[in-house]
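This report considers a helix pair, a buried helix and the relation between two chains. Please consult the sequence and the structure shown here.

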2 protein chains.
Amino acid sequence: MTTLASLETPCLILDGGRLERNAARMTGRYAGTGVKLRPHMKTAKSIDVARIALAGNFGGITVSTLKEAEYFADHGIDDIIYAVGLVPEKLSRIARLIRRGAQLTGITDSSAMAEAISRAAVAEGVMVDLLIELDSGERRGGLIAGSAGVVDLGRALHDLPGTRLAGVLTHAGNSYHCRSLEDLYRVAEEERLVAVTAADQLRAAGLPCAVVSVGSTPTAVHGQNFDGLTEMRCGVYMFGDVFQHEIASHGLEDIAVSVLATVIGHRPDLNAALIDAGGLALSKDRSTGAPGLAEDVGFGMIMDETCARRIGRVRVGHVYQEHGMLVSDGLFPFDDLPVGARVRVLPNHVCMTAAMYDGYRVLDMDDPRRVADFWPRVNGW
Amino acid sequence: MTTLASLETPCLILDGGRLERNAARMTGRYAGTGVKLRPHMKTAKSIDVARIALAGNFGGITVSTLKEAEYFADHGIDDIIYAVGLVPEKLSRIARLIRRGAQLTGITDSSAMAEAISRAAVAEGVMVDLLIELDSGERRGGLIAGSAGVVDLGRALHDLPGTRLAGVLTHAGNSYHCRSLEDLYRVAEEERLVAVTAADQLRAAGLPCAVVSVGSTPTAVHGQNFDGLTEMRCGVYMFGDVFQHEIASHGLEDIAVSVLATVIGHRPDLNAALIDAGGLALSKDRSTGAPGLAEDVGFGMIMDETCARRIGRVRVGHVYQEHGMLVSDGLFPFDDLPVGARVRVLPNHVCMTAAMYDGYRVLDMDDPRRVADFWPRVNGW
């Protein structure tokens, strides 16, 4: 039997019980609202996690790479939104998925791109469903709702050969900048309004708009009004991380993913200790250092081996490739962290940390000291 | 025939010609100095790259993980320093390597750890060679040269059953903070002095010290005095990156690794464009944003598809998981970067960026538009 104590470090731990609770909570939030929950698999990249996230939902997912799309289609999931602006260079892989029967939907925010995709789709002999990408405040990709471009692009997608207008999509990535519940309510409502406004524009122009899709974990957790929406997309909620905790989207005790590491040295002269988890084991995301948050936990927050209890105010203050430097407020608790002790590091940003591993060591739901399984991830592109 | 133009994006490109020149330059620098070059494989993690780095050298390497040690031993390299503080928890894998004939050397900076390693080595029935880790200014691991602890630890390693004192080792990671050639000369000389001082202490106490090992790419490039050293360890020099360029350790035109990406959108309203390489394709290292450097290139510097020419002053200003936001000083050169155009992103910190991929697409030495090979990497632990 593999136990937590027998794992080599560093390694990526997934608490199966916490995952189930997180998934059930979000599924429960959308049950009966009329809004379909479409989990975003970019965080977990695992069919085993997807099955838990999809329990009680309609079965569609969101992905961030074509490799994810291909992997999940291989595992029988065939309603997939690829939520990164489509370019014709990617059409041959998209066409392969469509030809094998996947209901794959892309996104675009440009009429020029729609025309190029149309030409590529015709050449491949497939019909590509596309959502119009809208910018609801993140300032990444997307058209501005209410602008004439929305109807122009909608008409192009509707009329061009090889493309079909499936609806509209937006992502309130700006919710990550919220620092109060009022902010979160406002951003969630703006996200909704942007999507509904563009959907109304399309319908007023006689165009179809079956899908009105929004989502981010913070807005999915805090949104109060779903009028006019058909779908909610979110992914981080399955695992959670310290940053999501700091912006009030996830309980600290519900964070399901952590890195198991070993204390490999003491530096009393520096009031610090070293662990064998550095930039490669934790990633270099510094989201908890953003302005307005409660605490900068550096590159991760240090818990005991069972992940039940935080150790003092210890955090990973600095990372090298394979070393993490533990620091704390006040005197470093060397007695609680002898060399050889094992700790769990709660990640700042779980999407980045999980991506450093080829899979999860999954703790048993009933006995979190037992390792029940290994669930592989589909990394890369 | 696979060509650069036929690769899907994002992907990791290795310019074989540049790699060969970088490797030959460092090998040439140490030829005839009496100091053996022991390449650090933590950056490349590839046997194909190791073979090029080892050409003309004695054949030993440095590694940062036991997985690297096992992989390189599987490929016939058997003189290996594992340059992360050893803990007894890792002894079973170390013992397996030693029993199969590898000359594996660990490092430690603690007498308590030496005793624990001794007990584990005796239990495994192996003899473990250990170097005393010294702190030459990085403030990570290591004893202070000249302190009594050096001789105490040396005697412990010499006398304890199951351990053998192999020598001393230090790494001037603080060379990364240098901002002038004078700084670099000084740090390189300090690194040397620390190692030689501790070696002298051990010998004066009647202890052996066969190995006097130092190294970091900046000090390996700029060191002027090698008296008393036996080995130089460095790794980033094989590839180079923008940060190494900014601290005068690597030519911009010699950077051998880059990420091929596609422009997937324009945002004229934001004076920006999007590429399909984000935080996962580039990593989130921000080393070029460190104080005192010439230019903060964000998450990477944008070159044309052949990597011969920088495009304006374009850089990856912001990353999302799968999107990079290109920005520039002044008006964004949209005409040079139409949607669908392909660019090469020079990484800030190549150790982190390369680790996001399972291998390298290797360009032909003679024709850098042709992809000659795929070289896998050994990621993980």
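Is the crossing of H6(A) and H7(A) left-handed or right-handed?

**Helix pair H6 and H7**

In this predicted model, the crossing of H6(A) and H7(A) is right-handed. On the H6(A) side, the contact is made by A:Val150, A:Val151 and A:Gly154, and on the H7(A) side by A:Ala198, A:Gln201 and A:Leu202. Sorted by class, the contact of H6(A) with H7(A) has four nonpolar residues, two polar residues and no charged residues.

Helix H6 of chain A covers residues 148-159 and helix H7 of chain A covers residues 181-204; their axes come within 9 Å and cross at roughly 55°. H6(A) and H7(A) are therefore oblique to each other.

**Burial of helix H4**

Helix H4 of chain A spans residues 91-99, and its buried residues are A:Leu91, A:Arg93, A:Ile94, A:Ala95, A:Leu97 and A:Ile98. The cover over the buried residues of H4(A) includes helices H3 (66-74) and H5 (111-124) of chain A, together with strands E4 (79-85), E5 (103-108) and E6 (128-134) of chain A.

H4(A) is followed by A:Gly101, which has a positive phi near 105°.

**Relation of chains A and B**

A turn of 180° and a shift of 0.0 Å along the axis lay chain B on chain A with an RMSD of 0.0 Å. The two copies are thus related as by a two-fold rotation axis. Among the residues of chain B, B:Lys284 comes closest to the rotation axis, its C-alpha lying at 2.8 Å.

Of the interface residues of chain B, 100% are also interface residues in chain A, so the copies meet through the same surface.

Conventions: Residues numbered from 1 in each chain as written. Chains lettered and ligands numbered in written order. Predicted model: local features only at pLDDT ≥ 70, side-chain atom pairs only at ≥ 80, totals over all residues. Heavy atoms only, no water. Axes fitted to C-alpha atoms, helices over the stretch in contact; angles between N-to-C directions. Helix = DSSP H or I, 4+ residues; strand = E, 2+ residues; numbered from the N terminus. Parallel < 35°, antiparallel > 145°, perpendicular 65-115°, else oblique. Left-handed = near helix turned anticlockwise from the far one by under 90°. Contact = heavy atoms within 4.5 Å. Nonpolar A, V, L, I, M, F, W, Y, C, P; charged D, E, K, R; others polar. Buried < 20%, exposed > 50% of the residue type's maximum accessible area, 1.4 Å probe, protein only. Least-squares fit on C-alpha atoms with pLDDT ≥ 70 in both.
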